[in-house]
Amino acid sequence: MSEQFDVIVIGAGPGGYVAAIRAAQLGLKTACIDAALGKDDKPALGGTCLRVGCIPSKALLDSSRQFHNLTHMFADHGISAEKPKMDVGTMIGRKDKIVKQFTGGIAMLFKANKVTPFYGFGTLHKGNLVKVKQHDGSEVELKAANVILAAGSDSIELPFAKFDGERIVDNVGGLDFDKVPKRLGVIGAGVIGLELGSVWNRLGSEVTILEALPEFLAAADADIAKAAAKEFKKQGLDIKLGAKVGKAEVKKDGVHLTYNDGKADHKLVVDKLLVAVGRRAATKGLLAEGTEVKLDERGMVEVDEHNHTGVDGVWAIGDCVRGPMLAHKATEEGIAVAELIAGLPGHVNLDTVPWVIYTEPEIAWVGKTEKQCKDEGIPVRTGSFPFAAIGRAVAMNEPAGLVKVIAHAETDRIVGMHLVGANVSELVHSGVIAMEFNGAADDLARICFAHPTLSEAVHEAAMSVDKRAIHKAN
Ligand code: FAD
Ligand code: AMP
């Protein structure tokens, strides 16, 4: 006999757990299944984001930043310390405590909202039947009018550099080194490679990032990528572009890499190798034969603009479907689908999902880059403003970076905002809100921003679209 629910969610990441809570809030009898175990081998809800993604990476970025500030920045403020030391075990322990607090928090939220958790691997069968293989080997069967697939994603493994959890690692290992590797190699200068590369670089690793593409951060606006690259170089991050890695051999003295830069083969020996070449949908084993749910050529669940799979009552959200692989995108889709199931309107605007890279300086954007506008034939005017001319940024010793506003040349509507600098993970939301309200650059220019704040760079960049920024030559 199968247990009956209104909604079954497979996966308890920021997509799935949020969908389950929202569905339960709306009075639907909801189950949420998750297979993951924490470092203590006990079930841990929260998905990649809480266990081995967003939260632990930000914990380590913060610890390593404190250390970097102490060793490189405090002297400017007249603060000195004798021989600062980093205890990696304490840093990792702090990170693990935060992870435990938050994964445990989801279990409490499930209890408070009457979501029934099942700990094990779920497979969708024909007719919205879900079979769960639990950790003790037993199997339970659940049925519901609506099933939400929220299986998330896994790291992509390179065939010549298999993860061994010791020398060659993905994000899971890269968040858990027991000491600072003397030489760290990173394959892939994407978000994860840059963030984790920064953590260990700040603690003293010699970090070399090998990126196959000839262009740095191709997804970001070119002006922002250029400014960021300049800062990373100053920090000692060695980023080699157009460097395609073809071989990785584990030997006694380290991992021997061979990469080609289009001209010749080069060798690099590192103590640890972090492979950060992207992620793929975790849909292996998710669908039994006969469900009629379709996967695309990359293994992602095919959905329409409302996250519906085309099969009655089956929806999919988050990293296992099209769109950016970001936690907040998964969350918004989870809320939208739960509301659609309950008969409410639900929609996610993928055009205004903000992106953030939590390096130093931070990088953030929303909307289109100048190049995308050009390629799509959208006529634009742009305005930018450097943090070096913002009093608050200089007072904080954070003068690096800029804000760039891109507006439609005829309507003045904001089509993109791109930022690199201190705290831009927060500032980007002024762009998101402006775009969601169909705001124009002139609207932002005519709003009163507090002084002295970093947000004034957004204000001045918006004014600069019309060549009327005050604190720079237009
Ligand atoms: P996931 O979080 O991957 O959760 C899916 C869950 O489903 C997992 O727990 C999995 O075990 C479970 N599952 C899968 N299949 C089954 C099954 N068949 N049965 C039962 N359970 C199953 N994004 C940001 O927005 N900001 C960041 O700062 C950020 N930092 C990141 C840093 C790192 C190092 C990494 C790796 C990722 C980061 N991300 C970040 C991306 C973010 O983690 C993902 O976009 C987000 O977790 C996706 O959420 P999700 O709910 O779709 O899937
Ligand atoms: P992201 O998708 O943001 O996580 O970034 C992954 C990066 O890894 C991309 O920029 C890819 O170009 C890069 N990449 C993939 N395969 C290789 C490889 N064999 N050598 C070097 N870089 C690679």
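Two strands pair if DSSP finds at least two bridges between them; with that in hand, here are some close-up views of this predicted model.

**View 1. Strand β9 meets its parallel neighbour β10.** Strand β9 covers residues 206–210 and is joined to β10 by three bridges, with the two strands running parallel. To find your way in this view, look for Ile-209, whose bridge partner in β10 is Ile-239.

**View 2. The five-stranded sheet, with its order and edges.** Stepping back from that pair, we see an open sheet whose strands follow the order β7-β14-β8-β9-β10, with parallel pairing. The edges are held by β7 (168–169) and β10 (238–240); each has a single partner strand, so one side of each is left without a neighbour in the sheet.

**View 3. Helix α6 lies across the sheet strands.** Residues 191–202 form helix α6, which lies across β8 (183–187), β9, β10 and β14 (272–275). Relative to β9, helix α6 runs at about 165 degrees.

**View 4. Ligand 2 and the residues around it.** Here 14 residues surround ligand 2, and those that come nearest are Gly-188, Glu-211, Ala-212, Val-245 and Ala-276. The side chain of Glu-211 places an N or O atom 2.6 Å from an oxygen atom of the ligand. Backbone atoms take part too: an N or O atom of the Ala-212 backbone is 3.0 Å from a nitrogen atom of ligand 2, and a polar backbone atom of Val-245 is 3.1 Å from a nitrogen atom of ligand 2. On its own, ligand 2 has 510 Å² of accessible area, of which the protein covers 73%. By class, the shell holds nine nonpolar, three polar and two charged residues.

**View 5. Ligand 1 and its shell of 39 residues.** The closest of these residues are Asp-34, Thr-48, Lys-58, Gly-122 and Asp-319. Oxygen atoms of ligand 1 are a good place to start: one lies 3.4 Å from a polar side-chain atom of Arg-51, one lies 3.5 Å from a backbone N or O atom of Ser-153, and one is 3.2 Å from a polar backbone atom of Leu-326. The protein buries 94% of the 1,000 Å² that ligand 1 exposes when taken alone.

**View 6. The elements that build the shell around ligand 1.** Two or more residues come from each of β2 (30–34), α2 (47–52), α3 (54–73), β3 (116–125) and α8 (327–341). Helix α2 gives the largest share, five residues. Sorted by class, the shell around ligand 1 contains 19 nonpolar, 15 polar and five charged residues.

Terms used:
Residues are numbered from 1 along each chain as its sequence is written. Chains are lettered from A and ligands numbered from 1 in the order in which they are written. This is a predicted model: local features need pLDDT of at least 70, side-chain atom pairs count only at pLDDT 80 or more; totals for chains, interfaces and linings use all residues. Side-chain values use heavy atoms; hydrogens and water are left out. A residue is near a molecule or strand if one of its heavy atoms lies within 4 Å of it. A polar contact is a pair of N or O atoms within 3.5 Å; within protein, one must be able to donate a hydrogen and the other to accept it, and residues adjacent in sequence count only if both atoms are side-chain atoms. Accessible areas come from the Shrake-Rupley method with a 1.4 Å probe; for residues, only the protein chains shown count as cover. Ala, Val, Leu, Ile, Met, Phe, Trp, Tyr, Cys and Pro count as nonpolar, Asp, Glu, Lys and Arg as charged, and the others, Gly among them, as polar. Helices (H or I, at least four residues) and strands (E, at least two) are DSSP runs, numbered from the N terminus. Contact means heavy atoms within 4.5 Å. Axes are lines fitted to C-alpha atoms, for helices over the stretch in contact, and angles run from 0 to 180 degrees between N-to-C directions.
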